[in-house]
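Visitor: I have a structure open and should like to go through it with you. Could we take it one feature at a time?

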Amino acid sequence: MADPWQECMDYAVTLARQAGEVVREAIKNEMNVMIKSSPADLVTATDQKIEKMLLSSIKEKYPSHSFIGEESVAAGEKSILTDSPTWIIDPIDGTTNFVHRFPFVAVSIGFTVNKKMEFGIVYSCLEDKMYTGRKGKGAFCNGQKLQVSQQEDITKSLLVTEFGSSRAPETVRIVLSNLEKLLCIPIHGIRGVGTAAVNMCLVAAGVADAYYEMGIHCWDMAGAGIIVTEAGGVLMDVTGIIFGLILGGPFDLMSRRIIAANSKTLAERIAKEIQVIPLQRDDEE
């Protein structure tokens with residue numbers, strides 16, 4: 001039987017390339033930067049323009065499909081994941097990078113059916129790297145197959161994370177304390193390129209061993225999540241509940257927290273060390 005969602009995936013790749021063109025053009029010009037939930041949670045007219053472009057293109061081609069987009073939610077739309085085919089979009093993942101012209105900016109498109117990830121596209125536009133993952137078909141970057149690393153010894157691992165956009169002192173304290181706990185295991189190091197989606201793709205590519213973060217949103221994870229699992233990795237909640245192809249149960253995209261690792265062993269070791277930051281879910285009012 002023909003793959004019912006392959007056409008959607010091909011279309012998503014085309015849309016991501018178009019959005020990347022807009023990003024590359026806009027980054028050369030002056031920007032109007034606005035603030036959302038905190039002084040470090042930024043949005044630009046380009047974020048909004050790309051999301052509108054993607055939304056109208058998808059609605060025209062697939063009028064029955066649902067849509068969750070970062071800027072639509074910021075403007076008051078609800079972030080509810082249902083069983084219907086749903087496009088989950090971050091028009092610019094790494095807006096702060098974009099504002100500073102720091103060269104890691106991605107367009108992220110995730111697609112779920114029955115709340116399960118079917119495919120994901122992450123286009124790192126300034127590097128011109130197109131990461132793709134399709135359920136049961138593997139993960140690729142510019143056509144090259146991706147495979148997670150085999151490093152299960154945390155003392156020899158390289159992790160990726162971000163500090164997050166919250167500047168609340170208690171949240172920052174937990175973030176820094178988690179970094180300290182992990183570094184002192186000890187581990188080789190911790191990196192972060194300023195976009196959750198690209199950080200996760202680096203795990204899929206095998207150049208980092210695991211990524212963890214709390215405070216991100218469904219649109220940060222939906223594109224890259226399946227790229228990680230299709231490259232042989234696992235997705236785990238920071239509380240230690242594991243999801244994935246073998247263990248069943250779709251990953252909870254609304255939880256606002258994730259460990260994406262090369263293996264269950266590494267993911268569980270990270271979960272054991274870190275303190276959980278209490279957060280409102282994406283699907284809560």
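Guide: Certainly. We may begin with helix α2, bearing in mind that this is a predicted model. Helix α2 runs over residues 45–61 and has 17 residues. From first C-alpha to last it reaches 25 Å, close to the 24 Å expected at 1.5 Å a residue.

Visitor: Which residues of α2 are buried?

Guide: In α2 the buried residues are T46, D47, I50, E51, L54, S57 and I58. They lie on the same side of α2, because they cover an arc of only 135 degrees around the axis.

Visitor: Why would residues spaced like that point the same way?

Guide: An α-helix has 3.6 residues a turn, so residues three or four places apart point the same way.

Visitor: And which exposed residues does the face turned away from the buried side of α2 carry?

Guide: That face carries the exposed residues K49, K52 and E60.

Visitor: What about α1, how many residues does that helix have?

Guide: Helix α1, residues 6–26, has 21 residues. Its reach from first C-alpha to last is 30 Å, close to the 30 Å expected at 1.5 Å a residue. Its buried residues are C8, M9, A12, L15, A16, A19, G20, V22, V23 and A26. Seen down the axis of α1, these buried residues fall within an arc of 160 degrees, so they line one face of the helix.

Visitor: What covers the buried residues of α1?

Guide: The cover includes α2, β4, α4, β5, β6 (116–124) and β7 (129–134).

Visitor: Since β4 came up, I92 caught my eye. Is I92 buried or exposed?

Guide: I92 counts as buried, at 1% relative accessibility. I92 has its place in strand β4. Leaving aside neighbours within four places in sequence, I92 is in contact with V23, T46, D47, I50, E70, F98, V105 and A106. V23 is a buried residue of α1, while T46, D47 and I50 are buried in α2.

Visitor: How many residues apart along the chain are I92 and V23?

Guide: They are 69 residues apart along the chain, and 8.1 Å separates their C-alpha atoms.

Visitor: Different topic: where is P85?

Guide: P85 sits in the loop between α3 (70–74) and β4 (86–93). P85 is buried, with a relative accessible area of 17%, and the cut-off for buried is under 20%. Its contacts, leaving aside neighbours within four places in sequence, are W5, H65, S66, F111, T112 and V113. P85 and F67 are 18 residues apart in sequence, with 8.5 Å between them in space, C-alpha to C-alpha.

Visitor: Which peptide bond is cis?

Guide: The peptide bond from I185 to P186 is cis, with omega near 5 degrees. P186 is found in the loop between α5 and β11 (189–191).

Visitor: And which residues have a positive phi although they are not glycine?

Guide: R101 is one of them, with a phi of about 60 degrees. R101 lies in the loop between α4 (95–100) and β5 (106–113), and at 41% relative accessibility R101 counts as partly exposed. N142 also has a positive phi, of about 50 degrees. N142 is in the loop between β8 (138–141) and β9 (144–145), and N142 is partly exposed, with a relative accessible area of 45%.

Visitor: Now the inside. What volume does the largest cavity have?

Guide: The largest cavity has a volume of about 90 Å³. The count comes to 1 cavity of 30 Å³ or more.

Visitor: Which residues line the largest cavity?

Guide: The lining consists of T161, E162, F163, V175, N178, L179, Y212, E213, M214 and I277. The elements that give two or more residues to this lining are α5 and β12. By type, the lining divides into 6 nonpolar, 2 polar and 2 charged residues.

Visitor: One last helix, then. What are the buried residues of α8?

Guide: Helix α8, residues 264–273, has L266, A267, I270, A271 and E273 buried. These are on the same side of α8, because they cover an arc of only 165 degrees around the axis. What covers them includes β10 (158–160), α5 (169–183), β12 (210–214), β13 (234–236) and β15 (257–261). Two of the covering elements, α5 and β12, also contribute to the lining of the largest cavity.

Definitions and conventions
Residues numbered from 1 in each chain as written. Predicted model: local features only at pLDDT ≥ 70, side-chain atom pairs only at ≥ 80, totals over all residues. Heavy atoms only, no water. Buried < 20%, exposed > 50% of the residue type's maximum accessible area, 1.4 Å probe, protein only. Helix = DSSP H or I, 4+ residues; strand = E, 2+ residues; numbered from the N terminus. Arc of directions from axis to C-beta. Contact = heavy atoms within 4.5 Å. 1 Å grid on protein atoms, 1.4 Å probe; cavity = no way out; pocket = protein on both sides within 12 Å on 5 of 7 lines; lining within 4 Å. Points joined across faces, edges and corners; volume = space filled by probe spheres on them. Nonpolar A, V, L, I, M, F, W, Y, C, P; charged D, E, K, R; others polar. Expected span 1.5 Å × (residues − 1).
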